[in-house]
Structure formats: C-alpha cells, structure tokens
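Subject: The model we talked about

Hi there,

Here is the structure I promised to pass on to you. Please open it alongside this message, and my notes follow underneath.

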Amino acid sequence: MTIAICPGSFDPPTNGHLDIIGRASRIFGKVIVAVLENQRKTPLFSVNERVMMLKRLMTSYQNVEVDSFQGLLVDYARLKNATVLIKGLRGMGDFEYELQMALVNRKLAPQVETLFMITNNDYSYLSSSIVKEIAAYGGDISALVPAEIRDLVLQKIRANDEKQQF
Ligand code: ADP
C-alpha cells in the first residue's frame with residue numbers, strides 16, 4: 001500500500017486543501033494530512049485546533065489520517081513509511097518555491113517522491129491567508145472554507161481582532 005503525505009500549515013483548512021486531499025485519497029492507499037508545527041510562524045490556530053478541524057472534515061474519508069509533525073518532512077515521511085509527498089500547485093509562485101523544496105527533499109531522501117497536483121480551477125485563488133483577510137474585514141467566506149468549520153473560523157478571527165484592539 002502506498003502511503004502519501006499532504007503536508008501544510010492548514011491555518012485554517014480551506015476548500016482548496018480539501019480538494020487536494022480528496023483527490024489524493026482516491027489515488028493512494030492511505031493519505032496522512034500532516035500539520036506542520038512551524039516555530040518561526042505565528043499561526044492563528046494552534047496545532048491542536050488545526051488537527052481537530054481537519055479530523056472533523058475527514059470523518060467520511062476511510063483512508064485519511066490527520067497528524068502533526070515537527071522538524072524535517074522527509075524524516076516524518078520515513079517515520080510513517082510514506083513514499084509520496086503531495087503538494088498543490090496554484091501558480092508560478094507555488095511552483096518556484098515547491099521546486100526548490102522537492103529538489104532538497106530528494107537530496108535528503110531519494111526514496112521519497114514529491115508529486116504535484118494542479119489546483120482545481122475553482123480554488124486557484126484560494127489560500128488560508130486570503131480567508132483570514134476576507135473574514136477579518138467581515139466578508140463572506142462560505143464559498144472558501146468547508147461549512148463544518150466556517151463558524152469556528154469566524155469566531156477565532158473575531159476574537160483575534162478584539163485582542164489586537166487592546
Ligand atoms: P496556504 O497557506 O498557502 O494555503 P498550506 O501550507 O496550508 O498553504 O498548504 C498546504 C498545501 O496545500 C500546499 O501544498 C499548498 O500548495 C496546497 N494548497 C493550498 N491551497 C490550495 C489551493 N487552493 N489549490 C491547490 N493547492 C492548495
């Protein structure tokens with residue numbers, strides 16, 4: 001069975017993420033959605049919150065597991081016996097960054113293959129940061145994030161805005 005990892009920040013998960021994970025789950029025996037614990041970024045949602053949201057979204061996917069990891073992705077892949085890393089590509093910006101990452105990861109772990117999935121047309125503009133930006137200005141995010149977590153995302157962004165006002 002081929003095990004694939006979909007790594008990312010998922011701060012918060014969006015319909016774009018869900019689309020990539022769903023497509024990967026139809027191709028691979030098992031997919032691990034792995035939330036990166038990045039010490040250098042200050043996320044809006046804690047790692048735990050992101051894992052909980054993703055678990056909620058993945059309940060109907062039999063072969064998808066949600067986890068978090070620290071450190072190098074290739075080390076985590078080895079630990080999980082995963083041989084494929086799935087990355088979504090929205091445009092040239094993603095490509096330039098991801099190409100470098102894929103080449104570095106191949107140097108570090110030649111047995112782990114990076115595969116790119118082209119974004120769904122409907123979500124090519126969609127990122128977690130754009131969701132946060134729109135929500136912070138009171139915009140409608142219902143077409144951007146899954147319905148199951150929309151209120152959670154809105155609450156968190158409002159609470160965060162209030163905190164910043166003081
Ligand atoms: P972002 O903050 O840019 O949304 P993440 O680190 O959470 O990024 O993304 C995790 C993975 O999901 C990355 O491989 C990223 O390219 C991919 N991804 C994110 N949004 C989309 C989208 N709308 N379409 C395709 N892939 C996406």
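Below is what I found, going from the ligand outwards. Please keep in mind that this is a predicted model.

**The ligand**

There are 16 residues around the ligand, and those that come nearest are His17, Gly88, Arg90, Thr119 and Tyr123. Two of the contacts I noted involve oxygen on the ligand side: one oxygen atom is 2.6 Å from a polar backbone atom of glycine 88, and an oxygen atom is also found 2.8 Å from an N or O atom in the side chain of arginine 90. A ligand nitrogen, in turn, is 3.0 Å from a polar backbone atom of leucine 126. The ligand exposes 540 Å² when taken alone, and the protein buries 86% of that.

**The loop between E1 and H1**

This stretch is worth a look on your screen. Phenylalanine 10 lies in the loop between E1 and H1, and its phi is near 50°, a positive value in a residue other than glycine. With a relative accessible area of 4%, phenylalanine 10 is under the 20% cut-off and therefore buried. Just along the chain, aspartate 11 and proline 12 are joined by a cis peptide bond, with omega at about 0°. Proline 12 belongs to that loop between E1 and H1 as well.

Serine 128, which sits in helix H5 (residues 128–136), is in contact with Phe10, Asp11, Pro12, Thr14 and His17, leaving aside its neighbours within four places in sequence. Serine 128 counts as buried because its relative accessibility is 14%.

**Helix H1**

Threonine 14 caps the N-terminal end of H1, with a side-chain oxygen 3.1 Å from the backbone nitrogen of glycine 16. The helix covers residues 15–27; at 1.5 Å a residue its 13 residues should span 18 Å, and the end C-alpha atoms are 19 Å apart, so the two values agree. Its buried residues are Asn15, Gly16, Leu18, Asp19, Ile20, Ile21, Gly22, Ala24 and Ser25. Their cover includes strands E1 (3–8), E2 (30–36), E3 (64–69), E4 and E5, together with helix H2 (47–57).

**Strand E1 and the aromatic pair**

Isoleucine 5 is in strand E1 and is buried, because its relative accessible area is 0%. Among its contacts beyond four places in sequence are Ile32, Ala34, Leu73, Tyr76 and Val84. Isoleucine 5 and valine 66 are 61 residues apart in sequence, with their C-alpha atoms 9.8 Å apart in space.

Tyrosine 76 turns up again in the 1 aromatic pair that the structure holds. Its partner is phenylalanine 69, and the pair is stacked, at 4.9 Å centre to centre and 20° between the planes. Both phenylalanine 69 and tyrosine 76 are buried.

**Helix H4 and asparagine 81**

Helix H4 (residues 92–108) has 17 residues, which at 1.5 Å a residue should span 24 Å; the end C-alpha atoms are 24 Å apart, so this helix agrees too. Asp94, Glu98, Ala102 and Asn105 are the buried residues of H4, and what covers them includes helix H3 (73–79), strand E4 (84–89) and strand E5 (113–118).

Lastly, asparagine 81 is in the loop between H3 and E4, with a phi near 60°, a positive value in a residue other than glycine. Asparagine 81 counts as exposed because its relative accessibility is 61%.

Happy to talk it through whenever suits you.

Best wishes

Note on methods. Residues are numbered from 1 along each chain as its sequence is written. This is a predicted model: local features need pLDDT of at least 70, side-chain atom pairs count only at pLDDT 80 or more; totals for chains, interfaces and linings use all residues. Side-chain values use heavy atoms; hydrogens and water are left out. Helices (H or I, at least four residues) and strands (E, at least two) are DSSP runs, numbered from the N terminus. The expected span of a helix is 1.5 Å times one less than its number of residues. Buried means under 20% relative accessible area, exposed over 50%, partly exposed in between (1.4 Å probe, protein chains only). Contact means heavy atoms within 4.5 Å. Rings of Phe, Tyr and Trp (its six-membered ring) pair if their centres lie within 6.5 Å; planes under 30 degrees apart count as stacked, over 60 as edge-to-face and the rest as tilted. A residue is near a molecule or strand if one of its heavy atoms lies within 4 Å of it. A polar contact is a pair of N or O atoms within 3.5 Å; within protein, one must be able to donate a hydrogen and the other to accept it, and residues adjacent in sequence count only if both atoms are side-chain atoms. Accessible areas come from the Shrake-Rupley method with a 1.4 Å probe; for residues, only the protein chains shown count as cover.
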